[in-house]
Amino acid sequence: MQKRSLGFLALCLGFLGGVGCGDASDGQQETKREADGDSGSFHFLLDTDQPISQGKNDFHLSLSSISTKTPLPGAMVSVAARMPAMAHDAASADAVDAGGGEYDVPSLSFSMAGRWVVRVEATLDMTSDETTFTYDIP
Ligand SMILES: [Cu+2]
């Protein structure tokens with residue numbers, strides 16, 4: 001967390017009063033999202049290495065079982081971004097199984113600023129679950 005804060009500070013300094021960094025204090029730049037799936041089977045934790053910005057972002061998903069609390073490798077995972085206000089989708093990104101219940105989601109593209117809803121779906125054996133996370137892209 002400390003590393004991310006420093007990274008964001010560096011990004012802010014780069015703007016030098018241009019766009020401004022007013023969103024830092026209200027948590028809008030927090031990239032970590034965590035939720036139990038709608039079906040109550042899987043726990044989803046979605047995060048990024050860098051502040052989320054317009055354009056392509058690399059996400060990482062940690063998938064685990066709600067009942068056993070153990071990581072879930074080997075699932076089929078799909079991630080899709082949608083902008084509800086304008087009813088358009090972004091290209092969905094294919095998740096790559098990185099082992100140990102971790103999945104890389106490279107280059108999920110937010111094509112414009114505004115509110116985006118990211119839907120994460122996972123299927124393992126006969127079980128499917130999904131959740132959505134909301135991001136406000138500056
Ligand atoms: Cu739009």
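These legends walk you through several close-up views of one predicted model.

**View 1. The whole chain is built from one helix and ten strands.** Start here to get your bearings. Reading along the sequence, you meet the pattern α-β-β-β-β-β-β-β-β-β-β, so the helix comes before the strands. Of the 138 residues in the chain, 20% count as buried. Now think about who touches whom: among contacts with a separation of 6 or more, 53% are between residues 24 or more positions apart.

**View 2. Five strands line up in an open sheet.** In what order do the strands of this sheet sit? The order is S1-S2-S3-S8-S7, and the pairing is antiparallel. S1 and S7 are the edge strands, each pairing on one side only. On average, neighbouring strands of this sheet are turned by 25° against each other, with direction ignored. Keep a general rule in mind as you look along any regular strand: side chains alternate between the two faces of the sheet.

**View 3. S2 and S3 run antiparallel, joined by seven bridges.** Strand S2 covers residues 42-48, and strand S3 covers residues 55-65. To find one of the bridges yourself, look for His43: its partner in S3 is Ser64.

**View 4. S3 also pairs with S8.** Move across the sheet to S8, residues 102-110. How many bridges join S3 to S8? There are seven, and the two strands run antiparallel. Phe59 is a handy landmark, with Val105 as its bridge partner in S8.

**View 5. S7 and S8 make a hairpin.** Strand S7 takes in residues 96-99, and it pairs with S8 in the antiparallel sense over three bridges. One pair to pick out is Gly99 with its bridge partner in S8, Glu102. Two residues lie between the strands of this hairpin. In the turn, Gly100 has a positive phi of about 65°.

**View 6. S9 and S10 form another hairpin, with two residues between the strands.** S9 spans residues 114-124, while S10 spans residues 127-137. Eleven bridges hold up the antiparallel pairing of S9 and S10. Try tracing the one from Val120, whose partner in S10 is Thr131. Which residue of this hairpin takes a positive phi near 55°? That's Asp125.

**View 7. Val118 sits in strand S9.** Is Val118 buried or exposed? Val118 counts as buried because it has 24 C-beta neighbours inside 10 Å, and 20 or more is enough for that label. Leaving out residues up to four places away in sequence, Val118 touches Val79, Ala81, Thr132, Phe133 and Tyr135. Val118 and Thr131 are 13 residues apart in sequence, and their C-alpha atoms are 8.4 Å apart in space.

**View 8. Ser41 lies in the loop between strands S1 and S2.** S1 is made of residues 33-36, in case you want to follow the chain into this loop. Ser41 has 17 other C-beta atoms within 10 Å, so it's partly exposed. Not counting residues up to four places away in sequence, Ser41 touches Ile66, Thr127 and Asp129. Now find Glu130: it's 89 residues from Ser41 along the chain, yet the C-alpha atoms of this pair are separated by 9.0 Å.

Methods
Residues numbered from 1 in each chain as written. Predicted model: local features only at pLDDT ≥ 70, side-chain atom pairs only at ≥ 80, totals over all residues. Pairing = 2+ DSSP bridges. Helix = DSSP H or I, 4+ residues; strand = E, 2+ residues; numbered from the N terminus. Buried ≥ 20, exposed ≤ 12 C-beta atoms within 10 Å, placed from the backbone. Contact = placed C-beta atoms within 7 Å. Axes fitted to C-alpha atoms, helices over the stretch in contact; angles between N-to-C directions.
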